[in-house]
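Grab a coffee and work through these exercises with the model open beside you. Try each task before reading the solution under it.

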Amino acid sequence: MDRETKIKEIEEIKLDNPIVLEGLPGIGFVGKIVVDQLIKQLDATKFAELESDFFPPQVTMKKNGLVEHMKNEFYYVKDLGENNQDVILLTGNSQASDFEGQIEISKMLMQYFEDLNVQKVFTLGGLGTGEMIENNKVFIAGNNLDLIERILEIDNTEIREDEGGSIIGASGILLYYAEKIGIPAACLMGETPGFYIDPSAGKAMLLVLFELLNFEIDLEEINEQVQDTLKRLSLNPQFVPPGMEPQMNKPNDDLHYIG
């Protein structure tokens, strides 16, 4: 039986040379934290959903007891920041569960973005280190050197010195399919331990996006998430407060960026 993937539009939209910010679930949930904050703080409007048989065979449970199917969701914001930039925000509760699905969904996403006349794509995710971090850096990769160099002008951004690291999942594959149709794209990777949901890495990425796209949002909520996460970590004997040497096992040298 063939597996199906489809995009269902909720409303027809007209955007002026939009850019895309993708933040699907991945390591540390860094990209999803960022995009979900933007959707909430900017009061973004939902306009489409992607459903796919390639998503994991499960549903999520909500606080009221109802269940929700696996999906990706598209939102838009008009005239963001000083540049009056139209933005498409891609979030969701799942990525495809296998290689074939990642390829199929990424191809469909880029075709849809091309139809919407998207000018740039920024994928947002986490770079797992396997160890505690005091100050989260934001690492950059992309399909366009000019775009990479522009982002590297921003404080707290850099390129990983070691070659051969992989960007697995939508945040990486979308860069490839964007290049095939001539759309500049870059991946911003928030440095994170990789074994818990990390709002600190999300905040570091937001600060980079503020300068890159000339806008700001209220950081009160994500600051509260950071403090709550630090408190919970401090109750775990495996961790110590930031700034002190963590008592942990040797980092896994094979832990690289995923999604």
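**Exercise 1. Place M61 and find its surface partners.**

Step 1: M61 sits in strand β4, residues 59–61. Helices (H or I, at least four residues) and strands (E, at least two) are DSSP runs, numbered from the N terminus.

Before going on, two ground rules. This is a predicted model, in which local features need pLDDT of at least 70 and side-chain atom pairs count only at pLDDT 80 or more, while totals for chains, interfaces and linings use all residues. Residues are numbered from 1 along each chain as its sequence is written, and side-chain values use heavy atoms, with hydrogens and water left out.

Step 2: M61 is exposed, at 73% relative accessibility. The cut-offs are under 20% relative accessible area for buried, over 50% for exposed, and partly exposed in between (1.4 Å probe, protein chains only).

Step 3: Together with V59 and V67, M61 makes a nonpolar surface patch of about 340 Å² accessible area. Members of a patch have over 30% relative accessible area and no salt bridge; like charges are joined within 9 Å, and nonpolar side chains (Val, Leu, Ile, Met, Phe, Trp, Tyr) within 5 Å. The areas come from the Shrake-Rupley method with a 1.4 Å probe, and for residues only the protein chains shown count as cover.

**Exercise 2. Take stock of the whole chain.**

Step 1: Count the elements: six helices and 11 strands.

Step 2: Look at burial. Of the 259 residues in the chain, 49% are buried. The accessible surface is about 13400 Å², and carbon and sulfur atoms own 47% of that.

Step 3: Check how far the contacts (heavy atoms within 4.5 Å) reach. Among those with a separation of 6 or more, 77% are between residues 24 or more positions apart.

**Exercise 3. Trace the sheet from edge to edge.**

Step 1: Read off the order. Nine strands form an open sheet with mixed pairing, running β1-β3-β6-β7-β2-β8-β11-β9-β10. Two strands pair if DSSP finds at least two bridges between them.

Step 2: Find the edges. β1 and β10 (157–158) each have a single partner strand, so one side of each lacks a neighbour in the sheet.

Step 3: Zoom in on one pair. β6 (residues 72–80) and β7 (residues 85–92) run antiparallel, joined by seven bridges. Look for Y76, which faces I88 in β7.

**Exercise 4. Sort out the salt bridges.**

Step 1: Recall the idea. Side chains of opposite charge can pair when their charged atoms come close. Here a salt bridge is a side-chain nitrogen of Lys or Arg within 4 Å of a carboxyl oxygen of Asp or Glu, and the structure has 14 of them.

Step 2: Start local. K32 and D36 pair at 2.9 Å, N to O. They are four residues apart in helix α1 (residues 30–41), so about one helical turn separates them. K32 is buried at 16% relative accessible area, whereas D36 is partly exposed at 29%.

Step 3: Go long-range. E221 and K40 bring their closest N and O atoms to 2.7 Å. E221 belongs to helix α6 (residues 220–234) and K40 to helix α1, so this bridge ties together parts 181 residues apart in sequence. E221 is partly exposed at 23%, while K40 is exposed at 53%.

Step 4: Look for sharing. K46, E49, E68, K71 and E73 are joined into one network by salt bridges with shared partners.

Step 5: Finish with E100 and R3, whose closest N and O atoms are 3.2 Å apart. E100 is in helix α2 (residues 99–115) and R3 in the segment before β1 (5–9), 97 residues away.

**Exercise 5. Which residues have the most contacts inside the largest nonpolar core?**

Step 1: A nonpolar core is a set of buried Ala, Val, Leu, Ile, Met, Phe, Trp, Tyr and Cys residues joined through side-chain atoms within 4.5 Å. The largest has 37 residues, and the ones to pick are L21, L89, F122, L124, I151, L188 and L209.

Step 2: Helix α5 (residues 199–213) gives this core its largest share, nine residues.

Step 3: Separate off the second core, which has 36 residues, including I173, L174, Y177 and M189.

Step 4: Inspect L188. Leaving out residues up to four places away in sequence, L188 touches F122, L124, I151 and L209, among others.

**Exercise 6. Is V30 buried or exposed?**

Step 1: V30 lies in helix α1 and is buried, at 1% relative accessible area.

Step 2: Beyond four places in sequence, its contacts include G125, G190, D198 and M205.
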